[in-house]
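Visitor: Could you walk me through this structure, one bit at a time? I'm new to this.

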Amino acid sequence: MTARPPTGDRPQHPAPSRSGRPKPSPTTDAPPKPSKPKRGGSGGVRAARPLAAEDRARLLAGAHHDPHALLGAHPVRGGVAFRVLRPYARAVTVVTDGLRTELRDEGDGLFSGVLALTEVPAYSLLVTYDDTELEAEDPYRFLPALGDLDLHLIGEGRHEELWTALGARPMTHQGVAGTRFTVWAPNALGVRVTGDFCYWDGTAYPMRSLGSTGVWELFLPGVGDGTLYKFDITRPDGSHTLRADPMARRTEVPPMTASIVTESRHVWGDDQWMAARGDRPVHESPFSVYEVHLASWRPRLTYRQLAEQLPAYVRDLGFTHVEFLPVAEHPFGGSWGYQVTGFYAPTARMGTPDDFRFLVDALHRAGIGVIVDWVPAHFPKDDWALARFDGRPLYEHEDPARAEHPDWGTLEFDYGRKEVRNFLVANATYWCEEFHIDGLRVDAVASMLYLDYSREDGEWSPNEHGGRENLDAVAFLQEMNATVYRRCPAVITIAEESTAWDGVTRATHHVGPGGFGGLGFGLKWNMGWMHDSLGYAAKEPVHRKYHHHEMTFSMVYAYSENYVLPISHDEVVHGKRALVSKMPGDWWQRRATHRAYLGFMWAHPGKQLLFMGQEFAQGAEWSETTGPDWWLLDPSYSAEPDHRGVRDLVRDLNTVYRDTPPLWQRDTDPAGFAWVAGDAAEDNVFAFLRHDASGAPLLAVSHFSPVVRHDYRLGVPETVSAWTEVLNTDAARYGGGDIRNEDALKPETVPSHGRPVSLTLTLPPLATVWLRPA
């Protein structure tokens with residue numbers, strides 16, 4: 001009797017019976033039919049030719065490349081030979097044409113015999129255990145359920161819908177309902193599928209190799225939605241490793257690690273959103289993003305519960321999009337999702353994949369786009385996931401120096417391997433097509449682009465041209481962007497790229513001065529603006545004049561790429577302090593500077609992104625375990641008006657922004673911006689004009705001194721006869737001192753700032769004022 005293997009991470013499954021054999025599975029082995037044909041003995045069965053010793057040993061060890069050649073039914077001289085592998089069974093009977101014939105016991109769970117038949121019949125198996133008898137289909141009577149075209153595309157690394165070919169796919173095959181299991185493991189000696197359908201003993205379910213592609217396949221009848229499974233892989237050295245499916249579309253809730261067979265039943269209700277989302281290019285549209293860590297926005301809420309609260313909250317504040325920190329499955333919550341093990345599965349912490357679809361659907365029906373953080377730069381080393389998946393480096397680079405990520409203790413993908421590129425490119429389109437995602441923000445792009453990223457001399461090798469660029473990663477990013485934009489033209493891709501790499505948002509076919517085509521992203525996070533502007537705002541007002549250029553320098557390169565201005569989660573953790581807490585002075589000054597900064601940010605060329613909690617001036621750093629401090633908005637809290645005022649400002653910023661084309665229509669066009677006062681360092685003042693496509697202006701003035709400046713003169717276009725204040729961050733309703741310009745401001749023919757006319761206005765302390773033509 002074959003020894004039962006360990007159950008790995010599944011100790012909660014039913015124990016074997018007292019005889020040492022597990023009870024058969026209700027998933028794989030269907031309940032007995034009410035009327036059963038009469039049992040026949042084994043006397044009319046001829047002995048089958050014994051398996052060759054080597055084949056038998058390899059089969060039982062899970063190291064055979066073609067178990068279908070040994071198991072199932074095959075024509076032989078004088079009849080049809082049947083061979084079945086059912087460990088722990090007492091007997092196995094072939095049921096065909098109303099007759100039952102018991103096979104001979106070969107030992108080690110193998111049963112065989114030759115029936116006097118002229119051709120292979122339709123048949124099933126009656127499997128007898130200690131205390132039950134169940135009828136089941138034989139997995140080894142089925143032809144491969146994966147087609148030649150799929151295999152060809154996989155072999156070429158060009159299968160753009162890879163998730164339809166690999167993984168666990170419920171289907172009807174040869175008229176029988178079940179699940180097709182497929183996995184890419186080219187270095188494996190053998191692969192078996194195991195799960196709760198066989199009490200985590202995969203001995204009976206070896207998969208067949210489908211040739212040079214490295215794909216293994218097995219169709220299991222009777223297995224369906226909700227089944228837990230993993231792959232038992234025999235490594236090149238003969239040892240075994242139990243692995244989650246790299247293509248799993250659903251997983252157990254961490255810390256459990258099994259994959260789950262899943263089939264979507266969600267009926268989308270966002271047709272109107274999907275049809276209209278590409279009507280206007282993102283670059284010429286309002287685009288303000290609320291960044292959310294779903295698991296902590298409202299801790300312990302499910303996807304469906306979030307769908308009841310998040311869309312209404314975001315819509316009320318006027319953001320056009322939400323951006324989720326990574327939602328793909330990850331074992332360690334403290335990584336915030338940035339160390340992914342299940343690239344094709346939304347995290348099970350908050351529900352099923354269809355529950356996540358429900359949330360996206362609800363946001364779309366509320367008129368809100370959905371962006372997700374996507375992490376193709378690295379993956380963790382967990383021994384049940386991708387690392388050395390089939391016993392050798394597979395998803396990671398075979399050179400350890402290239403594979404090890406120096407910062408995060410993870411492994412970098414081998415972008416030069418076509419199958420790995422295919423895995424990632426298809427994953428990008430998967431999220432867009434299967435979950436209706438509107439944008440992908442690609443994490444840690446710089447770490448992918450440079451061979452010497454975080455490495456010292458001697459720790460890296462140059463590329464074939466002697467440079468430091470990772471040419472494989474460049475090609476991968478170009479392919480990913482080209483594929484996503486071709487298949488999903490209304491989707492936007494966004495790069496978190498922290499260096500001055502040329503052409504991040506340039507088209508892939510346009511070669512730049514460095515000899516590279518563009519990476520093809522739609523937008524790029526402006527990390528330089530973020531660092532410089534936060535550095536300026538954190539200075540005491542008296543010192544800001546010495547750092548004035550930190551606020552103006554961004555306009556030197558503002559149109560070198562298509563930018564997003566990010567105040568993200570990274571800026572409010574690990575001792576960096578929340579946004580309001582970065583600001584100097586007392587509580588009133590910190591809030592005032594916080595508001596002025598947001599006003600400056602929303603008026604600056606580029607799209608806006610703000611992390612949750614910063615919209616109401618949370619003072620504490622973000623914690624992934626507790627989330628935002630919502631209690632600050634409790635009316636019973638004495639300082640609640642201070643926080644509610646900041647949130648009211650964010651709502652008004654978004655409202656005026658969306659209604660004012662000069663603030664977004666020419667974000668990528670230098671003609672859409674003009675300095676009025678970019679050198680007023682002594683006054684801590686920044687004044688500039690934004691123009692829409694027709695030339696209509698908006699005047700934005702930010703004042704970062706804690707004093708009132710009366711009759712402050714600014715040169716303005718002579719074509720505007722009067723200006724009116726449309727937003728003032730010092731308004732009383734926001735918690736300010738309510739120093740405002742209530743009347744229309746009429747220019748005078750007094751030259752100023754190189755213009756023939758000018759106006760005078762009152763600048764509130766630590767405030768931003770927006771004015772537009774009256």
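Guide: Sure, one term to begin with: buried means under 20% relative accessible area, exposed over 50%, and partly exposed in between (1.4 Å probe, protein chains only). This is a predicted model, where local features need pLDDT of at least 70 and side-chain atom pairs count only at pLDDT 80 or more, while totals for chains, interfaces and linings use all residues. Residues are numbered from 1 along each chain as its sequence is written, and side-chain values use heavy atoms, leaving out hydrogens and water.

Visitor: Is Arg644 buried, exposed or partly exposed?

Guide: Look at its partner too: Glu640 has a relative accessible area of 8%, so Glu640 is buried. For Arg644 the relative accessibility is 33%, so Arg644 counts as partly exposed.

Visitor: How far apart are the closest N and O atoms of Glu640 and Arg644?

Guide: A salt bridge is a side-chain nitrogen of Lys or Arg within 4 Å of a carboxyl oxygen of Asp or Glu. Glu640 and Arg644 sit four residues apart in helix H16 (residues 640-658), so about one helical turn separates them. They form a salt bridge, and their closest N and O atoms are apart by 2.6 Å in the case of Arg277 and Asp438, but for Glu640 and Arg644 by 2.7 Å.

Visitor: Which residue forms a salt bridge with Arg277?

Guide: Arg277 is buried, and its partner is buried as well. The pair ties together parts 161 residues apart in sequence, because Arg277 lies in the loop between helix H3 (271-276) and strand E17 (288-292), and the partner in the loop between H8 and strand E22 (439-442). That partner is Asp438.

Terms used
Helix = DSSP H or I, 4+ residues; strand = E, 2+ residues; numbered from the N terminus.
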